[in-house]
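Student: Please take a close look at the nonpolar core of this model. I am new to this structure and would like one connected account.

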Amino acid sequence: MALRRDDGDDLVSTRSISTISKVAISAVKRWYQSRPLPTHGPDGRRTPDFAELPAYRSISKYREYQKLFKLKDPFFQVHEQRSGAEAQIDGQHYINFASYDYLGLNQHPEVGAAARAAIEQFGTSVSASRLVAGERPLHGELEAALARFYETEEALIYVSGHATNVSAISTIIGPKDVIFHDEFIHNSAQTGGKLSGAKLVAFKHNDPEDLDRKLAEHRENHKFALVLIEGLYSMDGDVPDLAKFVEIKRRHGAWLMVDEAHGIGVLGETGHGIAEHCGIDPREVDIWMGTLSKTLSSCGGYVCGKRELIEVLKFQSPGFVYSVGLPAASAAAALKSLELIEQMPDRVKKLQENGKFFLEQCKALGLDTGSSEGFAVVPVIVGDAVLAIRLTHQVFRRGVNALPIIYPAVPLKSDRVRFFITSEHTHEQLATAARVIREELDLLANKGAHGARATAAE
Ligand SMILES: Cc1ncc(COP(=O)(O)O)c(C=O)c1O
(Lines give C-alpha, C1' and ligand atoms only; values in the text may rest on other atoms or scores of the structure.)
Protein backbone atom coordinates (compact mmCIF):
# COMPACT_ATOMS: atom_id res chain seq x y z
CA MET A 1 0.00 0.00 0.00
CA ALA A 2 1.13 3.61 -0.57
CA LEU A 3 -0.03 7.22 -0.31
CA ARG A 4 -0.79 8.35 -3.91
CA ARG A 5 -0.46 11.76 -5.57
CA ASP A 6 -3.32 13.03 -7.83
CA ASP A 7 -1.32 11.99 -10.91
CA GLY A 8 -1.24 8.44 -9.54
CA ASP A 9 2.47 8.30 -8.53
CA ASP A 10 3.39 6.96 -5.04
CA LEU A 11 3.95 9.82 -2.59
CA VAL A 12 5.31 7.74 0.26
CA SER A 13 5.40 3.94 0.27
CA THR A 14 4.00 2.00 3.22
CA ARG A 15 7.50 0.62 3.83
CA SER A 16 8.91 4.16 4.18
CA ILE A 17 6.15 5.09 6.59
CA SER A 18 6.94 2.08 8.74
CA THR A 19 10.69 2.89 8.73
CA ILE A 20 10.03 6.54 9.68
CA SER A 21 7.74 5.53 12.54
CA LYS A 22 10.28 2.96 13.85
CA VAL A 23 13.02 5.63 13.89
CA ALA A 24 10.71 8.09 15.62
CA ILE A 25 9.65 5.56 18.25
CA SER A 26 13.23 4.56 19.01
CA ALA A 27 14.25 8.27 19.31
CA VAL A 28 11.42 8.85 21.80
CA LYS A 29 12.46 5.70 23.71
CA ARG A 30 16.09 6.89 23.83
CA TRP A 31 15.02 10.29 25.11
CA TYR A 32 12.75 8.69 27.71
CA GLN A 33 15.45 6.31 28.95
CA SER A 34 18.12 9.03 29.14
CA ARG A 35 16.01 11.61 30.99
CA PRO A 36 17.41 12.21 34.49
CA LEU A 37 15.36 10.59 37.27
CA PRO A 38 14.62 12.59 40.39
CA THR A 39 17.42 12.11 42.93
CA HIS A 40 15.29 13.12 45.90
CA GLY A 41 12.04 11.69 47.23
CA PRO A 42 8.96 13.83 47.97
CA ASP A 43 10.22 14.53 51.52
CA GLY A 44 13.60 15.65 50.17
CA ARG A 45 15.46 12.43 51.06
CA ARG A 46 18.26 11.64 48.67
CA THR A 47 18.94 8.13 47.32
CA PRO A 48 22.72 7.68 47.56
CA ASP A 49 24.75 6.96 44.46
CA PHE A 50 26.52 3.56 44.33
CA ALA A 51 29.74 5.44 43.64
CA GLU A 52 29.59 6.55 47.28
CA LEU A 53 30.12 2.97 48.47
CA PRO A 54 33.54 2.53 50.14
CA ALA A 55 34.00 -0.60 47.99
CA TYR A 56 33.56 1.46 44.83
CA ARG A 57 36.10 3.99 46.02
CA SER A 58 38.72 1.28 46.59
CA ILE A 59 38.04 -0.19 43.13
CA SER A 60 38.44 3.28 41.61
CA LYS A 61 41.83 3.57 43.29
CA TYR A 62 42.88 0.29 41.67
CA ARG A 63 41.67 1.59 38.28
CA GLU A 64 43.78 4.73 38.77
CA TYR A 65 46.90 2.59 39.39
CA GLN A 66 46.13 0.65 36.25
CA LYS A 67 45.92 3.86 34.23
CA LEU A 68 49.04 5.31 35.83
CA PHE A 69 51.17 2.25 34.99
CA LYS A 70 49.35 1.60 31.70
CA LEU A 71 48.50 -1.94 32.83
CA LYS A 72 46.07 -4.26 31.12
CA ASP A 73 43.52 -5.55 33.64
CA PRO A 74 44.77 -9.03 34.70
CA PHE A 75 41.27 -9.91 35.90
CA PHE A 76 38.35 -11.03 33.74
CA GLN A 77 40.65 -12.15 30.92
CA VAL A 78 38.56 -13.93 28.31
CA HIS A 79 39.84 -17.46 27.68
CA GLU A 80 38.79 -18.47 24.20
CA GLN A 81 39.23 -22.24 24.51
CA ARG A 82 39.27 -24.86 27.25
CA SER A 83 41.99 -23.72 29.62
CA GLY A 84 44.32 -25.99 31.52
CA ALA A 85 48.10 -26.10 31.20
CA GLU A 86 47.67 -23.84 28.19
CA ALA A 87 45.23 -21.06 27.34
CA GLN A 88 44.24 -18.89 24.40
CA ILE A 89 43.57 -15.25 25.24
CA ASP A 90 43.01 -12.53 22.62
CA GLY A 91 44.04 -15.03 19.96
CA GLN A 92 47.43 -15.55 21.65
CA HIS A 93 48.75 -18.76 23.15
CA TYR A 94 49.91 -18.86 26.80
CA ILE A 95 51.37 -21.29 29.29
CA ASN A 96 48.58 -21.13 31.82
CA PHE A 97 48.89 -21.16 35.61
CA ALA A 98 45.48 -19.73 36.39
CA SER A 99 43.35 -22.87 36.11
CA TYR A 100 42.37 -25.34 38.82
CA ASP A 101 42.04 -28.16 36.32
CA TYR A 102 44.65 -30.00 38.39
CA LEU A 103 44.40 -33.37 36.65
CA GLY A 104 43.45 -32.07 33.20
CA LEU A 105 40.03 -33.73 33.44
CA ASN A 106 38.23 -30.75 31.92
CA GLN A 107 39.95 -31.80 28.70
CA HIS A 108 39.11 -35.49 29.07
CA PRO A 109 36.80 -36.83 26.33
CA GLU A 110 34.89 -39.10 28.74
CA VAL A 111 33.96 -36.14 30.97
CA GLY A 112 32.58 -34.19 27.99
CA ALA A 113 30.72 -37.28 26.72
CA ALA A 114 29.11 -37.88 30.13
CA ALA A 115 27.95 -34.24 30.32
CA ARG A 116 26.56 -34.33 26.77
CA ALA A 117 24.64 -37.56 27.44
CA ALA A 118 23.15 -36.01 30.59
CA ILE A 119 22.00 -32.94 28.64
CA GLU A 120 20.39 -35.19 26.03
CA GLN A 121 18.43 -37.03 28.70
CA PHE A 122 17.69 -34.32 31.26
CA GLY A 123 18.19 -30.97 29.50
CA THR A 124 20.38 -28.12 30.67
CA SER A 125 18.62 -27.32 33.96
CA VAL A 126 16.66 -29.22 36.58
CA SER A 127 14.70 -25.98 37.03
CA ALA A 128 13.77 -26.43 40.70
CA SER A 129 15.05 -27.23 44.15
CA ARG A 130 15.60 -30.94 44.58
CA LEU A 131 13.06 -30.93 47.40
CA VAL A 132 10.26 -30.10 45.02
CA ALA A 133 10.83 -31.17 41.42
CA GLY A 134 14.57 -30.96 40.80
CA GLU A 135 15.74 -34.43 41.85
CA ARG A 136 17.44 -36.50 39.11
CA PRO A 137 19.14 -39.93 39.37
CA LEU A 138 22.59 -38.40 38.78
CA HIS A 139 22.35 -36.41 42.03
CA GLY A 140 22.05 -39.56 44.13
CA GLU A 141 24.73 -41.34 42.09
CA LEU A 142 27.22 -38.51 42.59
CA GLU A 143 26.46 -38.27 46.31
CA ALA A 144 26.91 -42.02 46.75
CA ALA A 145 30.24 -41.84 44.88
CA LEU A 146 31.45 -38.92 47.04
CA ALA A 147 30.44 -40.72 50.25
CA ARG A 148 32.39 -43.81 49.07
CA PHE A 149 35.38 -41.63 48.17
CA TYR A 150 35.52 -40.13 51.69
CA GLU A 151 34.37 -43.34 53.40
CA THR A 152 31.52 -41.44 55.06
CA GLU A 153 27.90 -42.47 55.52
CA GLU A 154 26.39 -39.89 53.19
CA ALA A 155 27.04 -36.81 51.08
CA LEU A 156 25.13 -33.79 49.78
CA ILE A 157 25.87 -31.65 46.73
CA TYR A 158 25.17 -27.94 46.28
CA VAL A 159 25.19 -25.74 43.16
CA SER A 160 28.19 -23.71 44.30
CA GLY A 161 31.27 -24.47 46.36
CA HIS A 162 31.13 -21.05 47.99
CA ALA A 163 27.44 -21.48 48.84
CA THR A 164 28.23 -24.91 50.30
CA ASN A 165 30.43 -23.41 53.02
CA VAL A 166 28.13 -20.44 53.64
CA SER A 167 25.04 -22.59 53.88
CA ALA A 168 26.41 -25.64 55.70
CA ILE A 169 28.36 -23.75 58.38
CA SER A 170 25.54 -21.30 59.13
CA THR A 171 23.04 -24.17 59.39
CA ILE A 172 24.86 -26.38 61.86
CA ILE A 173 26.33 -23.60 64.00
CA GLY A 174 24.32 -20.90 65.80
CA PRO A 175 24.75 -17.81 67.99
CA LYS A 176 25.44 -19.81 71.18
CA ASP A 177 28.30 -21.71 69.52
CA VAL A 178 31.91 -21.01 68.67
CA ILE A 179 33.96 -21.39 65.48
CA PHE A 180 37.75 -21.70 65.51
CA HIS A 181 39.20 -21.06 62.08
CA ASP A 182 42.62 -20.89 60.51
CA GLU A 183 43.38 -17.20 59.94
CA PHE A 184 43.76 -17.92 56.21
CA ILE A 185 40.55 -19.92 55.79
CA HIS A 186 38.69 -19.25 52.55
CA ASN A 187 36.21 -16.38 52.36
CA SER A 188 33.27 -18.80 51.95
CA ALA A 189 33.93 -20.40 55.34
CA GLN A 190 34.40 -17.00 56.98
CA THR A 191 31.16 -15.77 55.48
CA GLY A 192 29.34 -18.89 56.71
CA GLY A 193 30.81 -18.29 60.16
CA LYS A 194 29.68 -14.65 60.24
CA LEU A 195 26.19 -15.61 59.10
CA SER A 196 25.92 -18.24 61.84
CA GLY A 197 26.13 -15.53 64.52
CA ALA A 198 28.60 -17.71 66.46
CA LYS A 199 31.70 -16.37 68.22
CA LEU A 200 34.56 -16.46 65.70
CA VAL A 201 38.07 -17.18 66.93
CA ALA A 202 40.95 -17.14 64.45
CA PHE A 203 44.06 -19.19 65.20
CA LYS A 204 47.47 -18.71 63.61
CA HIS A 205 47.86 -20.22 60.17
CA ASN A 206 48.54 -23.95 60.31
CA ASP A 207 49.34 -23.76 64.02
CA PRO A 208 47.63 -26.57 66.00
CA GLU A 209 49.24 -25.40 69.26
CA ASP A 210 47.61 -21.99 68.87
CA LEU A 211 44.28 -23.73 68.20
CA ASP A 212 44.79 -25.81 71.35
CA ARG A 213 45.33 -22.66 73.41
CA LYS A 214 42.31 -20.90 71.93
CA LEU A 215 40.09 -23.94 72.47
CA ALA A 216 41.22 -24.10 76.09
CA GLU A 217 40.30 -20.44 76.51
CA HIS A 218 36.89 -20.36 74.77
CA ARG A 219 35.46 -23.86 74.28
CA GLU A 220 33.76 -24.29 77.67
CA ASN A 221 31.46 -21.29 77.25
CA HIS A 222 29.73 -22.69 74.19
CA LYS A 223 27.48 -25.62 73.35
CA PHE A 224 28.89 -26.60 69.97
CA ALA A 225 32.37 -25.87 68.65
CA LEU A 226 33.55 -26.15 65.05
CA VAL A 227 37.16 -26.08 63.85
CA LEU A 228 37.67 -24.99 60.23
CA ILE A 229 40.80 -25.82 58.25
CA GLU A 230 41.69 -26.48 54.60
CA GLY A 231 43.25 -29.66 53.22
CA LEU A 232 45.54 -27.65 50.94
CA TYR A 233 45.62 -23.89 51.43
CA SER A 234 44.75 -22.10 48.23
CA MET A 235 46.81 -18.98 48.85
CA ASP A 236 49.98 -20.55 50.27
CA GLY A 237 50.04 -24.14 48.99
CA ASP A 238 50.78 -25.65 52.41
CA VAL A 239 48.97 -28.46 54.22
CA PRO A 240 47.89 -28.97 57.85
CA ASP A 241 49.17 -31.70 60.15
CA LEU A 242 45.80 -33.45 60.18
CA ALA A 243 46.75 -35.96 62.91
CA LYS A 244 47.43 -33.08 65.33
CA PHE A 245 44.20 -31.29 64.48
CA VAL A 246 42.24 -34.51 64.99
CA GLU A 247 43.86 -35.15 68.37
CA ILE A 248 43.18 -31.58 69.55
CA LYS A 249 39.58 -31.41 68.37
CA ARG A 250 38.87 -34.75 70.11
CA ARG A 251 40.36 -33.54 73.36
CA HIS A 252 38.20 -30.40 73.33
CA GLY A 253 35.01 -32.02 72.06
CA ALA A 254 34.81 -29.98 68.85
CA TRP A 255 33.80 -30.88 65.32
CA LEU A 256 36.47 -30.68 62.65
CA MET A 257 35.51 -29.50 59.16
CA VAL A 258 38.09 -29.75 56.37
CA ASP A 259 37.69 -27.83 53.11
CA GLU A 260 39.14 -30.04 50.40
CA ALA A 261 38.58 -27.63 47.50
CA HIS A 262 42.25 -27.92 46.52
CA GLY A 263 43.04 -31.24 48.22
CA ILE A 264 40.81 -33.64 46.30
CA GLY A 265 42.70 -35.31 43.45
CA VAL A 266 45.86 -33.46 44.48
CA LEU A 267 47.00 -34.90 47.82
CA GLY A 268 47.62 -38.53 48.76
CA GLU A 269 49.00 -41.34 46.66
CA THR A 270 45.69 -41.90 44.89
CA GLY A 271 44.33 -38.36 45.14
CA HIS A 272 42.06 -39.03 48.12
CA GLY A 273 43.15 -35.78 49.72
CA ILE A 274 44.64 -34.71 53.03
CA ALA A 275 43.44 -37.80 54.96
CA GLU A 276 45.36 -40.07 52.62
CA HIS A 277 48.32 -37.68 52.61
CA CYS A 278 48.51 -37.77 56.42
CA GLY A 279 47.55 -41.45 56.79
CA ILE A 280 44.40 -40.61 58.80
CA ASP A 281 41.14 -42.55 58.75
CA PRO A 282 38.78 -40.10 56.96
CA ARG A 283 36.07 -40.87 59.53
CA GLU A 284 38.17 -38.97 62.09
CA VAL A 285 37.07 -35.77 60.35
CA ASP A 286 33.48 -34.83 61.17
CA ILE A 287 32.73 -32.80 58.06
CA TRP A 288 34.42 -33.08 54.69
CA MET A 289 33.65 -30.23 52.36
CA GLY A 290 34.90 -29.59 48.84
CA THR A 291 34.12 -28.12 45.46
CA LEU A 292 33.21 -29.74 42.17
CA SER A 293 34.79 -26.88 40.22
CA LYS A 294 38.46 -27.73 40.42
CA THR A 295 39.81 -31.29 39.97
CA LEU A 296 36.25 -32.54 39.38
CA SER A 297 35.90 -30.24 36.32
CA SER A 298 32.34 -29.22 37.03
CA CYS A 299 30.58 -26.63 39.18
CA GLY A 300 29.17 -26.95 42.69
CA GLY A 301 30.19 -28.16 46.12
CA TYR A 302 29.74 -31.09 48.49
CA VAL A 303 29.59 -32.05 52.13
CA CYS A 304 30.34 -35.62 53.27
CA GLY A 305 29.73 -36.95 56.76
CA LYS A 306 27.37 -38.81 59.04
CA ARG A 307 23.76 -39.50 58.03
CA GLU A 308 22.32 -37.13 60.66
CA LEU A 309 24.53 -34.25 59.49
CA ILE A 310 23.43 -34.71 55.89
CA GLU A 311 19.81 -35.04 56.96
CA VAL A 312 19.98 -31.66 58.75
CA LEU A 313 21.61 -29.97 55.73
CA LYS A 314 19.14 -31.56 53.31
CA PHE A 315 16.14 -30.12 55.15
CA GLN A 316 17.56 -26.98 56.73
CA SER A 317 20.44 -25.46 54.77
CA PRO A 318 19.04 -22.60 52.68
CA GLY A 319 21.57 -22.96 49.83
CA PHE A 320 20.21 -26.45 49.26
CA VAL A 321 16.54 -26.16 50.21
CA TYR A 322 15.84 -22.85 48.46
CA SER A 323 18.18 -23.20 45.51
CA VAL A 324 17.98 -25.14 42.26
CA GLY A 325 19.51 -28.62 42.05
CA LEU A 326 22.80 -29.14 40.26
CA PRO A 327 22.30 -29.35 36.46
CA ALA A 328 22.47 -32.98 35.37
CA ALA A 329 25.40 -32.24 33.04
CA SER A 330 27.43 -30.82 35.95
CA ALA A 331 26.60 -33.83 38.11
CA ALA A 332 27.60 -36.18 35.29
CA ALA A 333 30.91 -34.35 34.69
CA ALA A 334 31.80 -34.49 38.40
CA LEU A 335 30.80 -38.15 38.68
CA LYS A 336 32.91 -39.12 35.66
CA SER A 337 35.86 -37.07 36.99
CA LEU A 338 35.63 -38.85 40.34
CA GLU A 339 35.75 -42.21 38.55
CA LEU A 340 38.74 -41.05 36.48
CA ILE A 341 40.69 -40.03 39.61
CA GLU A 342 40.37 -43.65 40.79
CA GLN A 343 41.48 -44.95 37.38
CA MET A 344 44.39 -42.53 36.88
CA PRO A 345 46.76 -42.50 39.86
CA ASP A 346 49.52 -41.77 37.33
CA ARG A 347 48.04 -38.29 36.77
CA VAL A 348 48.01 -37.65 40.52
CA LYS A 349 51.65 -38.72 40.68
CA LYS A 350 52.56 -36.52 37.70
CA LEU A 351 50.80 -33.52 39.28
CA GLN A 352 52.70 -33.98 42.54
CA GLU A 353 55.96 -34.40 40.69
CA ASN A 354 55.25 -31.27 38.59
CA GLY A 355 54.43 -29.26 41.70
CA LYS A 356 57.69 -30.24 43.40
CA PHE A 357 59.64 -29.55 40.21
CA PHE A 358 58.20 -26.03 39.86
CA LEU A 359 58.80 -25.28 43.54
CA GLU A 360 62.44 -26.40 43.24
CA GLN A 361 62.93 -24.32 40.09
CA CYS A 362 61.58 -21.21 41.85
CA LYS A 363 63.66 -21.81 44.96
CA ALA A 364 66.80 -22.39 42.93
CA LEU A 365 66.22 -18.99 41.32
CA GLY A 366 65.86 -17.34 44.73
CA LEU A 367 62.13 -16.64 44.46
CA ASP A 368 60.15 -16.36 47.71
CA THR A 369 57.61 -19.20 47.63
CA GLY A 370 56.57 -18.78 51.27
CA SER A 371 55.43 -21.97 52.97
CA SER A 372 54.33 -23.75 49.77
CA GLU A 373 54.99 -27.47 49.82
CA GLY A 374 54.70 -27.77 46.05
CA PHE A 375 51.32 -29.46 45.84
CA ALA A 376 49.73 -27.73 42.88
CA VAL A 377 49.73 -24.24 44.48
CA VAL A 378 52.93 -22.19 44.44
CA PRO A 379 52.91 -18.45 45.20
CA VAL A 380 55.76 -16.15 44.29
CA ILE A 381 55.57 -13.57 47.05
CA VAL A 382 56.67 -10.05 46.15
CA GLY A 383 55.18 -8.16 49.08
CA ASP A 384 53.67 -5.25 47.19
CA ALA A 385 50.34 -5.02 45.36
CA VAL A 386 51.53 -2.79 42.52
CA LEU A 387 54.62 -4.93 41.99
CA ALA A 388 52.48 -8.10 41.88
CA ILE A 389 50.22 -6.54 39.24
CA ARG A 390 53.15 -5.19 37.22
CA LEU A 391 54.92 -8.54 37.37
CA THR A 392 51.78 -10.32 36.17
CA HIS A 393 51.59 -7.87 33.30
CA GLN A 394 55.23 -8.39 32.32
CA VAL A 395 55.18 -12.20 32.42
CA PHE A 396 51.90 -12.17 30.46
CA ARG A 397 53.68 -10.27 27.69
CA ARG A 398 56.13 -13.15 27.60
CA GLY A 399 53.47 -15.84 27.27
CA VAL A 400 52.94 -16.82 30.91
CA ASN A 401 49.48 -16.40 32.41
CA ALA A 402 49.39 -16.31 36.23
CA LEU A 403 47.32 -14.00 38.40
CA PRO A 404 48.23 -11.55 41.15
CA ILE A 405 46.74 -12.05 44.60
CA ILE A 406 46.79 -8.87 46.56
CA TYR A 407 45.62 -7.48 49.90
CA PRO A 408 42.93 -8.03 51.29
CA ALA A 409 42.79 -11.54 49.73
CA VAL A 410 46.18 -12.12 51.42
CA PRO A 411 47.72 -10.28 54.41
CA LEU A 412 49.39 -6.91 53.85
CA LYS A 413 52.89 -7.11 52.38
CA SER A 414 52.41 -10.67 51.20
CA ASP A 415 51.03 -9.76 47.76
CA ARG A 416 51.99 -12.37 45.23
CA VAL A 417 51.65 -13.94 41.83
CA ARG A 418 50.12 -17.37 42.26
CA PHE A 419 50.80 -20.44 40.13
CA PHE A 420 48.46 -23.39 39.85
CA ILE A 421 50.26 -26.45 38.52
CA THR A 422 48.51 -29.27 36.68
CA SER A 423 49.49 -32.82 35.73
CA GLU A 424 49.46 -31.63 32.10
CA HIS A 425 52.26 -29.05 32.36
CA THR A 426 55.57 -30.11 30.87
CA HIS A 427 58.86 -29.60 32.70
CA GLU A 428 59.87 -27.23 29.93
CA GLN A 429 56.79 -25.06 30.53
CA LEU A 430 57.42 -25.05 34.28
CA ALA A 431 61.10 -24.19 33.94
CA THR A 432 60.30 -21.44 31.42
CA ALA A 433 57.74 -19.88 33.73
CA ALA A 434 60.14 -19.85 36.70
CA ARG A 435 62.89 -18.29 34.57
CA VAL A 436 60.56 -15.66 33.08
CA ILE A 437 59.25 -14.57 36.46
CA ARG A 438 62.81 -14.30 37.85
CA GLU A 439 63.95 -12.21 34.88
CA GLU A 440 60.96 -9.88 34.94
CA LEU A 441 61.20 -9.43 38.69
CA ASP A 442 64.84 -8.44 38.33
CA LEU A 443 63.99 -5.96 35.58
CA LEU A 444 61.29 -4.37 37.72
CA ALA A 445 63.60 -4.30 40.75
CA ASN A 446 66.35 -2.63 38.68
CA LYS A 447 63.86 -0.01 37.61
CA GLY A 448 63.28 0.62 41.30
CA ALA A 449 59.62 -0.28 40.96
CA HIS A 450 58.65 -1.55 44.41
CA GLY A 451 61.31 -4.23 44.15
CA ALA A 452 62.71 -4.29 47.68
CA ARG A 453 61.07 -7.45 48.98
CA ALA A 454 61.49 -9.27 45.67
CA THR A 455 65.23 -9.32 45.92
CA ALA A 456 65.32 -9.75 49.69
CA ALA A 457 64.53 -13.46 49.28
CA GLU A 458 67.85 -14.12 47.56
C1 LIG B 1 39.27 -23.28 49.75
C2 LIG B 1 38.07 -22.95 48.90
N3 LIG B 1 36.85 -23.24 49.35
C4 LIG B 1 35.75 -22.93 48.63
C5 LIG B 1 35.85 -22.33 47.39
C6 LIG B 1 34.61 -22.00 46.62
O7 LIG B 1 34.46 -22.91 45.56
P8 LIG B 1 33.78 -22.56 44.17
O9 LIG B 1 34.70 -21.62 43.44
O10 LIG B 1 33.66 -23.87 43.49
O11 LIG B 1 32.47 -21.91 44.46
C12 LIG B 1 37.10 -22.03 46.87
C13 LIG B 1 37.23 -21.38 45.56
O14 LIG B 1 38.24 -21.11 45.03
C15 LIG B 1 38.25 -22.34 47.65
O16 LIG B 1 39.49 -22.06 47.21
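Tutor: What follows describes the core, after a few words on the model and the chain.

The model is predicted: local features need a pLDDT of at least 70, side-chain atom pairs count only at pLDDT 80 or more, and totals for chains, interfaces and linings use all residues. Residues are numbered from 1 along each chain as its sequence is written. The pLDDT, the predictor's confidence in each residue on a scale from 0 to 100, averages 93 over the protein chain, and 95% of the residues score at least 70. Over residues 451–458 the pLDDT is below 50, and this stretch has 15 contacts in the model beyond near neighbours in sequence. Two residues are in contact if their C-beta atoms, placed from the backbone, lie within 7 Å.

The protein chain has 17 helices and 15 strands. These are DSSP runs numbered from the N terminus, with helices being H or I of at least four residues and strands being E of at least two. The C-alpha trace spans about 100 × 60 × 60 Å along its principal axes. Of the 458 residues in the protein chain, 46% count as buried. A residue is buried if 20 or more other C-beta atoms lie within 10 Å of its own, exposed if 12 or fewer, and partly exposed in between, with C-beta atoms placed from the backbone. Among contacts between residues at least 6 apart in sequence, 68% join residues at least 24 apart.

Now the core itself. A nonpolar core is a set of buried Ala, Val, Leu, Ile, Met, Phe, Trp, Tyr and Cys residues joined through C-beta atoms within 7 Å. The largest one has 119 residues, and V227, V303 and A332 have the most contacts inside it. Helix α13 (residues 328–343) supplies the largest share of this core, 10 residues. The core also draws at least three residues from each of domain 1 (68–103 + 345–456) and domain 2 (107–343); the domain bounds come from an automatic or database domain assignment.

Which residues does V303 touch, leaving aside its neighbours within four places in sequence? They are A155, L156, T164, A168, I287, W288, M289, I310 and L313.

For contrast, consider K61, which is found in helix α2 (residues 54–68). K61 counts as exposed because it has 10 other C-beta atoms within 10 Å. From K61 to L242 the separation is 181 residues in sequence and 41 Å in space, C-alpha to C-alpha.
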